[in-house]
Amino acid sequence: MTVTISEVTFEHYRDAFGIAESTPRISWKFTGEEQNWVQRLYELEISIAGEPEHRQLVESRDCLFVAWPARPLASGERATVRVKARGTDGHFTPWSKTYAVETGLLRIDDWNCSLIEAPQYTVVDAPKRPVLFRKVFSLPKPVRRARLYATAHGVYEASINGKKVGDHILAPGWCSYNNRLAYQTFDVTHHLMSGRNAIGAIVAEGWWAGRLGMAGGTRNVWGEHLGFIAQLVVTYEDGSTDAFGTDPEWTASTGGLVTSEIYDGEVYDARAEPVGWAAPDYDNRETWTPVVASSLAVIAPTLVPPAAPPMREIQEIRPIAAWKSPSGKSLVDFGQNLVGYLRVRVRGPSGHRITFQHVEVLEHGEAGTRPLTGAAARDTFTLRGLQEKEAWQPRFTYHGFRYVEISAWPSINGLPDLEDLIAVVVHTDMERTGYFECSDKLLNQLHKNVVWSMRGNFHSVPTDCPQRGERLGWTGDIQAFGPTAAYLYYSAGMLQDWLRDLAAEQHENGGAVPPMTVPDVLHKNPIQLFRTRSRQAQAIWGDVSVFLPWDLYLATGDCQILRRQYPSMLSWLDRGIPRKVNGLWDLSKNPQFGDWLDPSAPPDDPGNATTDDELVANAFLIGATDLMVKIGHVLGEADDVARYTAAAAALREEFQVEFITPSGRVGCDTQTAFTLALYFAVFSSDSQIKRAGERLVEIIRGRSRFKIGTGFAGTPLISHALTATGNTQIFYRMLQHRKNPSWLYPVMMGATTVWERWDSMLPDGSINPGTMTSFNHYALGSVAHWMHKVIGGLHAAEAGWRKVIISPIPGGTITSAETSFNGPCGVVRSAWKIEETEHGCQYVLDITVPPNSSAVVTLPDATTQELRYLKGAMAT
């Protein structure tokens with residue numbers, strides 16, 4: 001059967017529209033069932049308007065991030081690309097579909113507009129009332145093409161002639177705004193008409209000026225006033241152009257949005273909404289006021305297109321029940337802990353106010369609000385009083401919730417009709433790439449919970465939680481979850497943006513320590529402790545600067561990710577980590593989180609772990625140093641390879657002196673201590689490794705009774721440490737354990753997302769008494785990486801998945817499993833089952849490897865084969 005090119009992409013964009021690169025690299029994937037097919041050469045065809053087609057024929061197997069062969073694109077220029085390839089069999093694939101790519105504004109002087117603000121509507125030290133901006137303009141000729149380039153100090157929604165522009169929400173997303181302010185590009189050709197037009201925007205505080213951080217947080221982290229930046233570029237049918245930008249001629253006012261806050265929700269009064277305010281014929285002379293316009297000279301250098309997809313409305317979920325609580329409150333259950341907001345339809349008298357309180361769980365039959373520490377998570381809708389049902393949803397907030405407590409719903413019993421409510425799921429619109437399913441329904445639910453927690457916390461930055469007054473880009477969480485994230489979704493674009501912000505903030509004022517949260521809001525927190533620790537060296541959290549770029553490189557095959565982040569890695573390891581004379585961590589002035597949320601830690605002291613902080617920090621230091629050797633090899637940094645190779649050897653010697661006995665015992669007799677020592681290979685002999693593996697099993701069997709005993713440091717790695725020492729079946733027992741603490745305990749308690757604590761809810765239905773209790777935290781879901789790799793049996797042998805390892809290890813009570821990954825070269829799949837036959841049990845492995853890729857397949861009997869493209873079954 002013919003091999004075909006199934007997809008062509010540019011850089012890491014899901015939609016290559018308004019991109020930052022004038023010479024974007026090109027990648028393509030294959031599909032088809034021809035055996036052993038390998039690309040020998042490829043042909044690219046580039047078409048740029050008004051120019052002859054550019055064709056290039058290259059003899060190469062490369063299909064990932066190949067160089068742009070044509071001239072660089074200018075700002076706002078569009079090109080189309082198609083690809084075909086010839087295999088070693090001498091036959092060409094058909095041409096791919098034609099794919100378009102278009103640049104954004106690439107130069108600072110492309111911006112010919114102003115920042116406009118309306119300080120007359122702002123109270124600096126209070127929630128900001130969202131501001132409406134508008135301008136009327138005329139188009140004298142028919143329009144061929146129009147692009148709107150826009151961003152905000154705040155979050156915004158733009159419209160032209162009363163029609164919303166695009167489908168983004170909470171644009172431009174959360175950035176380190178002093179270093180990078182993302183702008184969006186919209187095709188607005190069909191929004192315009194000849195003659196009189198109107199452009200408008202609503203801007204709310206968002207992350208720019210809203211309250212952020214723990215312990216009450218801080219307002220105005222990046223600025224005190226809301227602002228809008230926009231440039232509309234119009235090309236007429238005759239080829240001439242016009243530009244209309246934000247300038248002093250715009251006017252401003254306020255509308256029905258009274259407040260709209262990330263943590264506290266939205267207050268909307270429909271009676272105050274000026275009907276038709278974004279239309280060209282709206283009369284605004286009496287109530288609208290002039291804006292304050294200022295130069296973009298300082299801001300323009302920070303304006304960049306995002307690599308990340310935008311946040312969008314992704315899914316709608318209908319409620320499954322509505323009832324009265326024991327105290328008489330109206331409750332609605334959506335059956336899934338999700339992140340987003342409500343969409344409602346309701347009829348009632350003018351001025352009637354309805355409130356919606358969002359919570360993740362119920363406690364003793366009532367809305368469990370205590371985990372919302374520092375966040376109201378409450379929306380309020382005041383009706384205009386129309387004859388028909390009024391439709392409403394929030395614009396500039398989001399909530400983590402499964403249940404909603406509704407107050408003053410205008411019905412006889414105070415309960416809504418279920419058909420009048422929808423929960424709208426929102427997150428960064430990444431492509432789903434990884435899937436898993438097995439014969440154990442509880443493990444399937446666990447995996448679904450992991451996916452839902454990733455969805456609920458990838459909101460332009462990878463946050464820790466989506467519900468309380470925190471929702472920050474904690475570096476330790478994504479350090480733990482990076483391999484899982486890179487498998488489940490194509491998250492490289494979003495995480496690259498986040499890593500750019502991390503490096504920029506790390507290097508502010510000559511610094512070398514990555515902030516604990518990115519973007520960093522804790523340095524302005526009202527609590528001195530948070531301000532001090534925000535830029536204090538922290539193992540695991542700071543190590544994300546090394547580990548996460550490597551995870552993305554493995555997933556994508558793009559070494560430029562490593563190159564771009566290399567200065568950040570060097571700064572952290574060479575200058576950021578405080579060290580003793582022997583090169584190990586000096587913790588005397590740097591208290592650590594360590595094995596955060598060790599299940600043995602008291603509820604009110606989650607950092608009081610049983611594993612020594614120095615052991616944890618130095619194990620990760622060895623791991624990061626080893627990784628720098630690999631990264632140096634990839635980048636051709638020979639001097640650094642030699643330097644870090646020597647450093648890793650010296651660190652191991654010092655670690656062994658400090659923490660390892662001659663027989664292979666570890667200074668702390670804990671699951672985490674042995675896990676880290678084994679995973680980061682700190683032992684000096686095979687006999688030590690053997691003894692350490694045995695002791696880890698002894699702890700799990702005898703002391704823990706197969707329950708988990710690790711926190712942030714050990715949890716992502718204990719499964720891999722056990723498999724590496726031949727103890728995979730021990731981990732199967734741990735993974736399938738159902739009592740607290742375990743991965744399946746929350747599932748048995750009805751969880752639909754991963755919890756922050758192993759026991760966020762106690763067996764009696766009470767919420768954990770700790771002040772920090774989330775029911776939607778992805779970090780402990782890092783176990784899914786092992787599920788994909790060992791149960792499913794699928795992982796990359798080379799960066800970019802050009803060579804794949806397929807080696808499932810059956811175990812536990814599982815009789816079948818399947819996982820697939822839509823990788824850079826195409827879909828890879830591994831599916832196995834154990835069948836009863838008349839001759840006994842038979843193991844059947846069904847695999848798919850895309851064309852131009854290869855796989856090393858290992859069966860349970862240790863039979864190994866190296867294959868080029870294959871689709872079919874193998875049995876033993």
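**Figure 1. Charges across the whole chain of the predicted model.** In this predicted model, the chain carries 82 positive and 96 negative charges, and the mean positions of these two groups are 2 Å apart. The accessible surface of the chain comes to about 31,500 Å², and carbon and sulfur atoms account for 50% of that surface.

**Figure 2. The overall fold of the chain, with its 15 helices and 42 strands.** The chain has 15 helices together with 42 strands. Its radius of gyration is 28 Å, close to the 29 Å that the globule rule gives for 876 residues, so the chain is as compact as a globular protein of that length. Along the principal axes, the C-alpha atoms fill a box of roughly 85 × 75 × 65 Å. Of the 876 residues, 62% count as buried, and among the contacts that join residues at least 6 apart in sequence, 73% are between residues at least 24 apart.

**Figure 3. The surroundings of Thr475 in helix 3.** Thr475 belongs to helix 3, which covers residues 475-488. Because its relative accessibility is 0%, and buried means under 20%, Thr475 counts as buried. A polar atom of the Thr475 side chain lies 3.1 Å from the backbone oxygen of Trp541. When residues up to four places away in sequence are not counted, Thr475 touches Trp498, Leu502, Pro515, Met516, Val518, Trp541, Gly542 and Val544, so that Trp541 appears both in this list and in the pair of atoms just described.

**Figure 4. Two cis peptide bonds, leading to Pro172 and to Pro519.** The peptide bond from Ala171 to Pro172 is cis, with omega near 10°, and Pro172 is found in the loop that runs between strand 12 (163-164) and strand 13 (181-182). The peptide bond from Val518 to Pro519 is also cis, with omega near -5°, and Pro519 lies in the loop between helix 4 (492-506) and helix 5 (528-533). Val518, which comes before this second bond, is one of the residues that Thr475 touches.

**Figure 5. Positive phi angles at Ala215 and Ala681.** Although Ala215 is not a glycine, it has a positive phi of about 55°, and its place is in the loop between helix 1 (206-209) and strand 16 (227-236). Ala681, which is not a glycine either, has a positive phi of about 50° and is found in the loop between helix 10 (671-679) and helix 11 (686-703). The relative accessibility of Ala681 is 42%, so this residue counts as partly exposed.

Key. Residues are numbered from 1 along each chain as its sequence is written. This is a predicted model: local features need pLDDT of at least 70, side-chain atom pairs count only at pLDDT 80 or more; totals for chains, interfaces and linings use all residues. Side-chain values use heavy atoms; hydrogens and water are left out. Helices (H or I, at least four residues) and strands (E, at least two) are DSSP runs, numbered from the N terminus. The radius of gyration is taken over C-alpha atoms; the globule rule is 2.2 Å times the number of residues to the power 0.38. Buried means under 20% relative accessible area, exposed over 50%, partly exposed in between (1.4 Å probe, protein chains only). Contact means heavy atoms within 4.5 Å. Accessible areas come from the Shrake-Rupley method with a 1.4 Å probe; for residues, only the protein chains shown count as cover. Lys and Arg count as positive and Asp and Glu as negative; His and the chain ends are not counted. The place of a charge is taken as NZ of Lys, CZ of Arg, CG of Asp or CD of Glu. A polar contact is a pair of N or O atoms within 3.5 Å; within protein, one must be able to donate a hydrogen and the other to accept it, and residues adjacent in sequence count only if both atoms are side-chain atoms.
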